[in-house]
Amino acid sequence: WVNTTFSYAGEPLFMHLFAWTVLATIVALERGTVAKAITAGLLLGAACLARPTVVFLPALFLVLFPLVWRRRGVWLAVAACLAWAAPQVPWVLRNQAAFGRPVLTSTLGGYALYVAATAARDDRVHLTGWDLELRDLHREMLSVLERTGRTVNDVNETEFDDALRGAALEIIAANRRAYVRNSAMGAIGIWFWLNSGRGAYM
């Protein structure tokens with residue numbers, strides 16, 4: 001890992017792209033044209049590259065278009081899903097070349113799961129990450145890798161992520177109730193803060 005003093009938040013770009021995705025999907029559902037469906041799919045694909053949390057949303061195309069347009073909606077849904085996949089292809093090919101594995105979107109799944117798992121283990125309610133001492137957490141993550149006899153210089157991103165995911169699943173298995181409780185409280189807490197006008201990071 002390289003610690004830097006600069007970081008870029010993907011949320012502003014994601015929110016713009018996702019807002020346009022919602023608008024484009026509404027228009028596509030109203031007009032029922034292939035071009036509009038493709039536009040909605042492309043925008044969702046771009047939003048997915050900014051924030052992979054929406055990686056499963058193309059499934060909604062498979063529900064909404066046939067629901068509104070019946071048989072024609074099936075083809076509209078297929079067009080939207082193919083358009084969503086188009087922006088992912090270059091990134092997946094890049095990951096295949098870099099890591100030897102066709103990783104979709106990012107290699108941070110294990111990291112995020114480990115943060116949530118350690119919060120449950122330590123009896124913390126993890127909402128945003130700002131309450132964590134990240135330097136200590138990163139040291140702990142490095143120790144996870146060292147227990148396998150490797151260092152950060154011996155592995156690539158996907159291998160490190162796999163090690164974190166495996167350690168996180170072990171922690172979750174030993175703290176199931178705390179993990180479920182924290183997940184529920186986190187979802188409710190984020191919803192509350194966002195809708196109370198107080199912001200998500202307070």
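This is a chat about the helices, cores, aromatic pairs, salt bridges and surface of one predicted model.

Student: What does the chain have in the way of helices and strands?

Tutor: In this predicted model, the protein chain has seven helices and zero strands, and from the N terminus on its elements run α-α-α-α-α-α-α.

Student: And how much of the chain is buried?

Tutor: Of the 202 residues, 32% count as buried, while the accessible surface of the chain comes to about 12700 Å², with 65% of that belonging to carbon and sulfur atoms.

Student: What share of the contacts joins residues at least 24 apart?

Tutor: If one takes the contacts between residues at least 6 apart in sequence, 60% of them join residues at least 24 apart.

Student: Let's go inside, then. Which residues touch the most other members of the largest nonpolar core?

Tutor: Those are Phe61 and Phe65, in a core of 19 residues. Helices α1 (11–31), α2 (34–50) and α3 each supply at least two residues of this core, and α3 gives the most, with seven residues.

Student: What does Phe65 touch, leaving out residues up to four places away in sequence?

Tutor: With those neighbours set aside, Phe65 touches Ala28, Leu29, Ala37, Arg70, Gly73, Leu76, Ala77 and Ala80. There is also a second, separate core of 16 residues, and among its members are Ala117, Leu145, Ala163 and Ile171.

Student: Switching to rings: how many aromatic pairs are there?

Tutor: The count comes to two aromatic pairs. One is formed by Phe14 and Phe18, which are stacked, at 5.5 Å centre to centre and with 15° between the planes; both residues lie in helix α1, four residues apart, or about one turn of the helix.

Student: Is Phe14 buried or exposed? And what does Phe18 count as?

Tutor: Phe14 is buried, because its relative accessible area of 10% is under the 20% cut-off, whereas Phe18 has 25% relative accessibility and therefore counts as partly exposed. The other pair is that of Phe61 and Phe65, which is tilted, with 5.8 Å centre to centre and 45° between the planes.

Student: How far apart are Phe61 and Phe65 along helix α3?

Tutor: They are four residues apart in helix α3, so about one helical turn separates them. Both Phe61 and Phe65 are buried.

Student: Now charges. How many salt bridges does a search of the whole structure find?

Tutor: It finds five salt bridges. One of them joins the side chains of Arg101 and Asp162, at 2.6 Å from N to O, and this pair links distant parts of the chain, since Arg101 sits in the loop between α3 and α4 (109–121) and Asp162 in helix α6, 61 residues apart.

Student: What does Arg101 count as, given its relative accessibility?

Tutor: Arg101 counts as partly exposed because its relative accessibility is 35%, and Asp162, with a relative accessible area of 32%, is partly exposed as well.

Student: Which other side chain meets Asp162 in a salt bridge?

Tutor: The side chain of Arg165 does, at 3.2 Å from N to O. Asp162 and Arg165 both lie in helix α6, three residues apart, about one turn of the helix. Arg101, Asp161, Asp162 and Arg165 are linked in a network of salt bridges.

Student: And which residue forms a salt bridge with Glu140?

Tutor: Arg121 does, with the closest N and O atoms 2.8 Å apart. That pair, too, links distant parts of the chain, with Glu140 in helix α5 (residues 134–146) and Arg121 in helix α4, 19 residues apart.

Student: Back to helix α6: what does Thr158 touch, again without residues up to four places away in sequence?

Tutor: Thr158, which lies in helix α6 (residues 157–174), touches Phe99, Arg101, Val103 and Thr107 on that basis. Its relative accessibility is 3%, so Thr158 counts as buried.

Student: Last topic, the surface. Which residues form a nonpolar patch there?

Tutor: Val74, Trp75, Val78 and Leu82 form that patch, and together they have about 430 Å² of accessible area. Val74 is found in helix α3 (residues 58–99), and because its relative accessibility is 43%, Val74 counts as partly exposed.

Notes: Residues numbered from 1 in each chain as written. Predicted model: local features only at pLDDT ≥ 70, side-chain atom pairs only at ≥ 80, totals over all residues. Heavy atoms only, no water. Patch = residues over 30% accessible without salt bridge, like charges linked within 9 Å, V, L, I, M, F, W, Y side chains within 5 Å. Areas by Shrake-Rupley, 256 points an atom, 1.4 Å probe, with all protein chains shown as cover. Salt bridge = Lys/Arg side-chain N within 4 Å of Asp/Glu carboxyl O. Buried < 20%, exposed > 50% of the residue type's maximum accessible area, 1.4 Å probe, protein only. Core = buried A, V, L, I, M, F, W, Y, C linked by side-chain atoms within 4.5 Å. Contact = heavy atoms within 4.5 Å. Phe/Tyr/Trp six-rings, centres within 6.5 Å; stacked < 30°, edge-to-face > 60°.
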